[in-house]
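Below is a brisk walk through selected local features of one protein chain. Keep the sequence and the model side by side as you read.

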Amino acid sequence: MYSVLKSYGLNGLNGFAVAVEADVSGGLPAFSLVGLPDSAVRESGDRVRSAVKNLGYKWPDRHITVNLAPADIRKSGPVYDLPLLLAVLASSGQMEEPPADAAFLGELALDGSLRPVSGVLPMALAAAADGIRSLYVPAENAAEAAEAGGDAMQVYPARTAREVVDALRGLVPLSPAAPIPFDPASGWNAAPDFADVMGQPLARRAMVLAAAGGHNVLLIGAPGTGKSMLAKRLPGILPPLTREEAVETTKIYSIAGQLPKGRGLISAAARAGGGTTFRPGECSLADCGVLFLDELPEFSRDSLEVLRQPLEDGQITVSRAAGSATYPSRFQLVAAMNPCKCGYYGHPTRPCTCSPSAVRQYRSRVSGPLLDRIDLCVEMDPVAFDELHTSTPAESSADLRKQVLAARAVQAKRYAAPGYEGVRCNAQLTAGQVRRVCRMTPAAERLLRASYDTLGLSARAHDRILRVARTVADLAGKQLLDEEALLEALQYRAQEKVETF
């Protein structure tokens, strides 16, 4: 007897349909699984056999052949356990074949209970796009799968395979899962408040610019100057994720197996990914959020250079022998570093123990091409005693967030026009778009021309300065870039601050 039912697999960030075909024929008892399975899939035969017996069903004493189609795409993970069990039961006549518009995902324990699997959201989205009407998943995956459901597709959570079989037979129906209400602002509450940061007005201003324009930031200062404090507070003033961004970020966390149990969409978000299978790394996990690298020069040169592709293109490609996968990596880089190895070069009270050559060598670990992709660089001095004990309260995250949201509203209106598809903030402008958007006063243009020659700016640095100046002007409510906006943008140049000592 022959049966076929539907499941789904993962190819990079997207799900794809898998037909689970089972055929029970005569001959000596055996179990064959084909269709380019990996080791986890091949082991599913033993799990399914034990689950069938422990659920009270009979394992066929005949030759069983299971094919996972299409056969030219590698199948990985234990997600096919549940559909494989149902296919064996249907092909052996112990239950009717499930409806053609139903799909099944889930790992089996030996007693027949269902365990959660990774990557359910992208597979559920693919199922909804394919016209699947009923999707059966482990109970712990139901919240994320329900985000892809809606009116067209119902998601049914189950704790055991028997619950699925009984529901398909009409004995004990399962209740469909409902999506968890999405609150895009809930991520703000998890971030610490900027009101806790004393002093450092220039660094605080840089963080506002970073949030308002989506710019990358480098903080340079001695230990204890507040670099990590500022970085941890940046997510608290970033604009909330749109639903599309939340779905994209949640897909990445789901594939990486880092989505909390029972969680719906994420409201706030290894460096490049790795391993023998495709898996998102830190760059992709920071998609639509912040990637913080502390002690930047202590990372290996190769690790830092791999950041250049996602910083420039907003995506990263992971290649392995089995193929390649591309993941979105549109993050804001916030990096921190000491001015030298001992950390006290230029400190007003503590002597530096590094030689000039040691300082040069330490700073040269961060390459020029990487620095050229960082828009804002701030040198942070130690906080004075009076700043720590001032009675004047510092601006809170809520106050700074109002400034950021106002500037982002200006950018949203500007980039809603034709010709700016995919642009949400100033940092995402292409070179051609910079020319149209960043119009300057004559005095500002003369200033930029003089700075271009004096500082030896590259074309990339020129455009990044204009993007920052555009953000300064947006925060001030100005249409044209004036000298004040250009001067502020120029003072954040990273290349000169790292190379000069």
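## Loops and backbone features

Pro 70 sits in the loop between β4 (63-69) and α3 (81-91). Helices (H or I, at least four residues) and strands (E, at least two) are DSSP runs, numbered from the N terminus. This is a predicted model, in which local features need pLDDT of at least 70, side-chain atom pairs count only at pLDDT 80 or more, and totals for chains, interfaces and linings use all residues. Residues are numbered from 1 along each chain as its sequence is written, and side-chain values use heavy atoms, with hydrogens and water left out.

The peptide bond from Ala 69 to Pro 70 is cis. Its omega is near 10°.

Other loop residues have a positive phi. The table lists two of them, neither a glycine, with their accessibility. Buried means under 20% relative accessible area, exposed over 50%, and partly exposed in between (1.4 Å probe, protein chains only).

| Residue | Loop | Phi | Relative accessibility |
|---|---|---|---|
| Leu 36 | between β3 (30-34) and α1 (39-42) | near 60° | 34%, partly exposed |
| Gln 200 | between α6 (161-168) and α7 | near 55° | 9%, buried |

Gly 27 lies in the loop between β2 and β3. Is Gly 27 buried or exposed? Its relative accessibility is 57%, so Gly 27 counts as exposed. Contact here means heavy atoms within 4.5 Å. Leaving aside neighbours within four places in sequence, Gly 27 is in contact with Arg 62 and His 63. Gly 27 and Arg 62 are 35 residues apart along the chain, yet their C-alpha atoms are separated by 6.0 Å.

## Strand β4 and its partners

His 63 belongs to the uncovered face of β4, together with Thr 65, Asn 67 and Ala 69. The covered face holds Ile 64, Val 66 and Leu 68.

Two strands pair if DSSP finds at least two bridges between them. β4 pairs with β2 in the antiparallel sense, over seven bridges. Here Leu 68 of β4 is the bridge partner of Val 20. β4 also pairs with β3, in the parallel sense and over five bridges. Val 34 stands opposite Asn 67 of β4.

## Arg 47

Arg 47 is part of helix α2 (residues 44-54). Its relative accessible area is 15%, so Arg 47 is buried. Which side chain makes a polar contact with that of Arg 47? The partner is Asp 81, at 2.7 Å. A polar contact is a pair of N or O atoms within 3.5 Å; within protein, one must be able to donate a hydrogen and the other to accept it, and residues adjacent in sequence count only if both atoms are side-chain atoms. Beyond four places in sequence, Arg 47 touches Ala 40, Pro 78, Asp 81, Leu 108 and Leu 110.

## Helix α4

Helix α4 (residues 120-129) is mostly covered, with seven of its 10 residues buried. They are Val 120, Leu 121, Pro 122, Met 123, Ala 124, Ala 126 and Ala 127. These buried residues pack against β1 (2-11), β2 (14-25), β8 (134-138), α5 (142-146) and α9 (243-256). Gly 131 follows α4 and has a positive phi, near 85°.

## An open parallel sheet

Four strands form an open sheet in the order β11-β14-β10-β15, with parallel pairing. β11 (290-293) and β15 (376-380) stand at the edges; each has a single partner strand, so one side of each lacks a neighbour in the sheet. Five bridges join β10 (residues 217-221) to β15. In one of them, Val 217 is partnered by Leu 376 of β15.

## Helix α16

Helix α16 (residues 397-414) has 18 residues. Its expected span is 1.5 Å times one less than its number of residues. That gives 26 Å, and the end C-alpha atoms are 25 Å apart, which agrees.

The buried residues of α16 are Ser 397, Leu 400, Arg 401, Val 404, Ala 407, Arg 408, Gln 411 and Arg 414. They cover an arc of only 135° around the axis, which puts them on the same side of α16. The arc is that of the directions from the helix axis to the C-beta atoms. An α-helix has 3.6 residues a turn, so residues three or four places apart point the same way.

The buried residues of α16 pack against α7 (201-213), β14 (332-337), α17 (431-437) and α19 (459-476). Exposed Lys 402 and Lys 413 are carried on the face turned away from the buried side of α16.
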